[in-house]
Amino acid sequence: MSMDFAARVERVEPSATLAISDAASELEAEGVDVVDLSVGEPDFPTPENVVQAAKDAMDAGHTGYAPSNGIPELKEAIAAKLADDGLDYDPDQVIVTPGGKQGLYEIINALIDDGDEVALLDPAWVSYEAMVKLSGGSLTRVDTAKHDFSLEPALDDLAAAVSDDTELLVVNSPGNPHGAVYSREALEGVRDLAVEHDILVISDEIYKEITYGAEAISLGTLDGMGDRTITLNGFSKAYSMTGWRLGYFAGPEELVSQAGKIHSHSVSSAVNFVQHAGVEALENCDEAVAEMTEAFEARRDMLVDLFADHGVDVAVPEGAFYMMLPVDDDDAAWCQGAIDEAHVATVPGSAFGTPGYARLSYAASEERLREGVERLAEHGYI
């Protein structure tokens, strides 16, 4: 039988990051030792108190359906966390989702119709583009790579790219894949353009708790942005809870109402006992987050020095756990060769809208990071 697929599905490609990770897993299944620097997954275990909270919740019988938008305890804890960040959201303005990715999908599909324009700051996480295309939207993109991924010098380009026709702008700071933390001045420039052109903004803050001396500012705290910002975050990165699939977003009540329709008709709710673990993560894991962040910073510094020893300069990330390595113009071929010959898995920069780079995740041990650099050097990739 021949199947006729929906045009919206044909418009997108599979996730490049997951494709590379799958390729690495296949090689490993064949007995090949792969240094996998492709996946954005902390190599630390979930904090034990979070695991115990989930067990306790299951023992207490929290294994049935949860309220669709989230259990009250977690929504209240999220609102308190956002208040600590300077944001004013009521618990009823929060939707708890099975992962931050689901939250983004719900927001974009609630806001974007066929032909609506969405602006991205390149390099941009791979799924932003796919989600916009699935919703029928169009993209305008602004390159920050020429400024070492800093946004402030690119504000003129952003001003030229957006207009009164722009419906939505996505801002990710600290960012994937570049690790840049946007300055207050840069975000004030975003605010001015958003107000001028009446643009809604998604502030993707999934890496907000992972910074190295830089201040990660929540966009919604700036004057004029409270009612036009949707703040998104989650538990995967800061709390090493990738497999738990728990995220959330907060925004204007009318957005939450409309996005809640998509949420209730697609995933129903996030897992009940996982949400109870989320409360524990928000309230009692500051020390664990600090320890992981300290380790990421040490790995970043080591990588910067190792690449410098091989004559390669990289933009130094101020947050998250990614680094953009300048490579050949054909970055896809470079990454394919690196995994085939050096057995080092990375992700092509072109997947993020920025060819000529490879993204490395340093959410791996120092030993494996050193091994990865040594292999790339040995096989002539740096």
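# Reading a predicted model, one feature at a time

Q: Let's start with R299: is this residue buried or exposed?
A: R299 counts as buried, because its relative accessibility is 7% and the cut-off for buried is under 20%. Keep in mind as we go that this is a predicted model.

Q: Which residue does R299 form a salt bridge with?
A: The partner is D43, and the closest N and O atoms of the two are 2.9 Å apart. When you read a pair like this, also check where each partner sits. R299 belongs to helix α11 (residues 286-309), while D43 is in the loop between β1 and α3 (48-59), so to speak a link between distant parts of the chain, 256 residues apart. D43 is partly exposed, with a relative accessible area of 37%.

Q: How many salt bridges does the structure hold?
A: There are 16 of them. Another one joins the side chains of R368 and D33, at 2.8 Å from N to O. This pair also links distant parts of the chain: R368 is in helix α13 (residues 366-378), D33 is in the loop between α2 (16-29) and β1 (35-36), and they are 335 residues apart. Both partners are partly exposed, R368 at 26% relative accessible area and D33 at 40%.

Q: What parts does the salt bridge between D157 and K146 tie together?
A: First the contact: these two side chains meet at 3.2 Å, N to O. D157 lies in helix α7 and K146 in the loop between β4 and α7, so the bridge ties together parts eleven residues apart in sequence. As for accessibility, D157 is partly exposed at 31%, and K146 is exposed at 55%.

Q: Which residues do salt bridges that share partners join into one network?
A: Here D33, R368, E371 and R375 are joined that way. You've already met D33 and R368 as a pair.

Q: Now the backbone. Which residue comes before P174, and is the peptide bond between them cis or trans?
A: To read this, look at the omega angle. The bond runs from S173 to P174 and is cis, with omega near -10 degrees. P174 is in the loop between β5 (166-172) and α8 (184-197). That loop also holds P177, and the peptide bond from N176 to P177 is cis too, with omega near 25 degrees.

Q: What is phi of F149, and where is that residue?
A: Phi is near 70 degrees, a positive value in a residue other than glycine. F149 is placed in the loop between β4 (138-143) and α7 (155-161). It is buried, at 3% relative accessibility. D198 has a positive phi as well, near 55 degrees, and is not glycine either. D198 is in the loop between α8 and β6 (200-204) and is exposed, with a relative accessible area of 58%.

Q: How many cavities of 30 Å³ or more are there?
A: The count is one. The space in the largest cavity is about 60 Å³.

Q: Which residues line the largest cavity?
A: Read a lining as a list of neighbours, then ask what kinds they are. The lining is made up of L121, P123, A124, W125, Y128, V170, V171, N172, N176, H178 and Y182. β5 gives the most, with three residues. By kind, the lining has eight nonpolar residues, three polar and no charged. One name should ring a bell: N176 is in this lining, and N176 also starts the cis peptide bond to P177.

How values were computed. Residues numbered from 1 in each chain as written. Predicted model: local features only at pLDDT ≥ 70, side-chain atom pairs only at ≥ 80, totals over all residues. Heavy atoms only, no water. Helix = DSSP H or I, 4+ residues; strand = E, 2+ residues; numbered from the N terminus. Buried < 20%, exposed > 50% of the residue type's maximum accessible area, 1.4 Å probe, protein only. 1 Å grid on protein atoms, 1.4 Å probe; cavity = no way out; pocket = protein on both sides within 12 Å on 5 of 7 lines; lining within 4 Å. Points joined across faces, edges and corners; volume = space filled by probe spheres on them. Nonpolar A, V, L, I, M, F, W, Y, C, P; charged D, E, K, R; others polar. Salt bridge = Lys/Arg side-chain N within 4 Å of Asp/Glu carboxyl O.
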